[in-house]
Amino acid sequence: MSSQKLLEVVESLRLNSLLEIAKTSRFWINLISAYGTYKIIYYLFFDPLRHIPGLWWSRFTEFPLLIRRFNGTQEQYTLQLHKRFGSVVRVGPHSVSVKKVVDIRRVLSSYKYPKAEIYDKALLDAEEIFSTRDEQFNRLRRRQVGPAFSTTGLDSVEDIVLDVGSRAFKKKIETGIEKGNGSYTINYFDNFQSLTADIIGELAFGKSFGALESEKPSIIRLVNSTIIISVLDTLIPPVKYIPFLFSKYKSDKQKMVDFTSSCIDARREAIEKNEFDKGRIDILQMYLNAHDLDGSPITKDELIAEIVLMLVAGTDTTSVTMTWLLHFYLMYPEVYKKVVAEIDEAFPDRSAIIRYKEARQNLPYFHATVYECMRMKPAVGGYLPRDSSSDGIQLSDHYIPPSTELLLFIEGAHNDESVWTSPKKYIPERFMGESGKELAKNLVVFASGVRICAGRK
Ligand code: HEM
């Protein structure tokens, strides 16, 4: 027998005996005990997050938190955890929830603590301003689109916004009341959603979607499908490669892309034919004028991704906020009466449309009610996940080691007793006067710092 053959026999014998051992229950009991012992020793003596308070399971898994995310109780649950454990709470093997405004603002103040890995999955395939974790890329995009959100930019489109927004909505309600002989039933969330989509349509796609006039606006379905299929692609990667799975959502997403592409072409054509108003500074125009880091114009795929992102980022956030504001007015009629009295006094002509600057200057109480609404019901609720960077970070009394996911808890910040008195109560007056202006700086409804919401104005 050659030495090679001998070696093969010995190998197979070893393998066979190993397989025999693996068949015994004792082997598995020993293996599990060894793993358990290793984990216990690790979590007691070596786990870098072992000093952060939290429930015992958080050392092993984030699963219980995930369940609460899906059943819609994450916010109340995390608030309870903070009440019990303090301003920084461990909620998973590598993640902590952060509640204090001062800590959250510190993390958000610089690019040193980038968006966490979860953002890597963009809405469409191309990188865009929101999901990028790259500082240079984000700076570039913010610079490029910035003029569209500046005071000059917003002034240049205010009439368009008023036309597709306030005037269109007023007309719809008046017509409805007329047709209904003085009575008109309206789903205000749906209408706010359509109205917001139409405005973003004008600013980012170059035309209103006509959603407000439609009974069942297809653009809302396309946006929702795009979000759903993008989330499914992220959670279950094979979905992307099996054509018949969730085909309706996939086809809607493709329609969304095709539609956006046709809007970009239409604007380009209007520019070529000199039919475009050069004084108009909007999102689409800013991106059409922009160049990438290497000096080349933004590609069509990148353009589409940026434009669709604006619609997704702006529609539900704004309409949910408007809906909550109306809810608060209904729940607190005395607040509503004060708002109406303030408007009547500053703008006695009820048929006139109030412009942004006039409202800003003359309606402090109205603005206070909006701030208080956003404090209590932030449209982007839950967590903003960030990475603790390669140096780690000191937050309140805790040092958070590198590579930890910092879950910046918005409702937590908006209920931080060191900042807000009686945080559970709706008190718009807290935002009045000079002290109110200072207090408003503690709102993180639009995040804060370098990645603050680009569309917050
Ligand atoms: C009440 C309305 C809105 C709220 C509460 C809101 C909230 C936020 C928040 C919390 C973020 C940070 C998200 C994170 O870091 O994960 C954000 C980012 C962003 N928002 Fe808004 N948003 C609103 C409206 C809008 C509108 C109308 C637009 C555009 C038309 C917009 C565009 C963006 C963009 C582009 C970013 C990404 C900025 C960056 O990462 O540099 N948002 N928004």
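**Group meeting: a surface patch, some salt bridges and one unpaired aspartate**

Helix 3 supplies the largest share of the nonpolar patch, namely four residues. I start there, and I should say at once that this is a predicted model. The patch is on the surface and consists of Phe63, Leu66, Ile67, Phe70, Val231, Leu235 and Ile236. Together these residues have about 700 Å² of accessible area. Two helices, helix 3 (63-71) and helix 9 (218-235), each give at least two residues to the patch. Ile236 sits in the loop between helix 9 and helix 10 (247-272). Its relative accessible area is 40%, so Ile236 counts as partly exposed.

Now the overall picture. The protein has 457 residues, and 42% of them count as buried. Its secondary structure comes to 17 helices and six strands. The C-alpha trace spans about 105 × 55 × 45 Å along the principal axes. The protein exposes about 25,300 Å², with carbon and sulfur atoms supplying 59% of that area. If we take the contacts with a separation of 6 or more, residues 24 or more positions apart account for 67% of them.

Next, the charged side chains. How many salt bridges does a search of the whole structure find? There are 29. I will go through three.

In one of them, Glu306 pairs with Arg141, and the closest N and O atoms are 2.7 Å apart. Glu306 belongs to helix 12 (residues 300-331) and Arg141 to helix 6 (residues 135-149), so this salt bridge ties together parts that are 165 residues apart in sequence. Both Glu306 and Arg141 are buried.

Another pairs Arg355 with Glu158, where the closest N and O atoms are 3.7 Å apart. Arg355 is in the loop between helix 13 (333-346) and helix 14 (356-362), while Glu158 is in helix 7 (residues 151-179), so here the pair ties together parts that are 197 residues apart in sequence. Are the two partners buried or partly exposed? Arg355 has 29% relative accessibility and therefore counts as partly exposed. Glu158, at 13%, counts as buried.

My third example is Asp282 with Arg280, whose side chains meet at 2.9 Å, N to O. Asp282 counts as buried because its relative accessibility is 1%. Arg280 also counts as buried, at 13%. Some salt bridges share partners, and in that way Arg141, Asp292, Glu302 and Glu306 are joined into one network. Arg141 and Glu306 are the pair I described earlier, with 2.7 Å between their closest N and O atoms.

Last, Asp103. This residue is in helix 5 (residues 101-108). Asp103 is buried, yet it has no salt bridge. Which side chain of opposite charge is nearest to Asp103? That is Arg106, and it is 5.1 Å away. The cut-off for a salt bridge is 4 Å, so a pair at that distance does not count. What does the side chain of Asp103 make a polar contact with? The partner is the side chain of Ser396, at 2.6 Å. Leaving aside neighbours within four places in sequence, Asp103 is in contact with Val98, Leu395 and Ser396.

To recap: the patch draws four residues from helix 3, the search finds 29 salt bridges, and Asp103 is buried without one.

How values were computed. Residues are numbered from 1 along each chain as its sequence is written. This is a predicted model: local features need pLDDT of at least 70, side-chain atom pairs count only at pLDDT 80 or more; totals for chains, interfaces and linings use all residues. Side-chain values use heavy atoms; hydrogens and water are left out. Buried means under 20% relative accessible area, exposed over 50%, partly exposed in between (1.4 Å probe, protein chains only). Lys and Arg count as positive and Asp and Glu as negative; His and the chain ends are not counted. A polar contact is a pair of N or O atoms within 3.5 Å; within protein, one must be able to donate a hydrogen and the other to accept it, and residues adjacent in sequence count only if both atoms are side-chain atoms. Contact means heavy atoms within 4.5 Å. Patches are made of residues with over 30% relative accessible area and no salt bridge: like charges are joined within 9 Å, nonpolar side chains (Val, Leu, Ile, Met, Phe, Trp, Tyr) within 5 Å. Accessible areas come from the Shrake-Rupley method with a 1.4 Å probe; for residues, only the protein chains shown count as cover.
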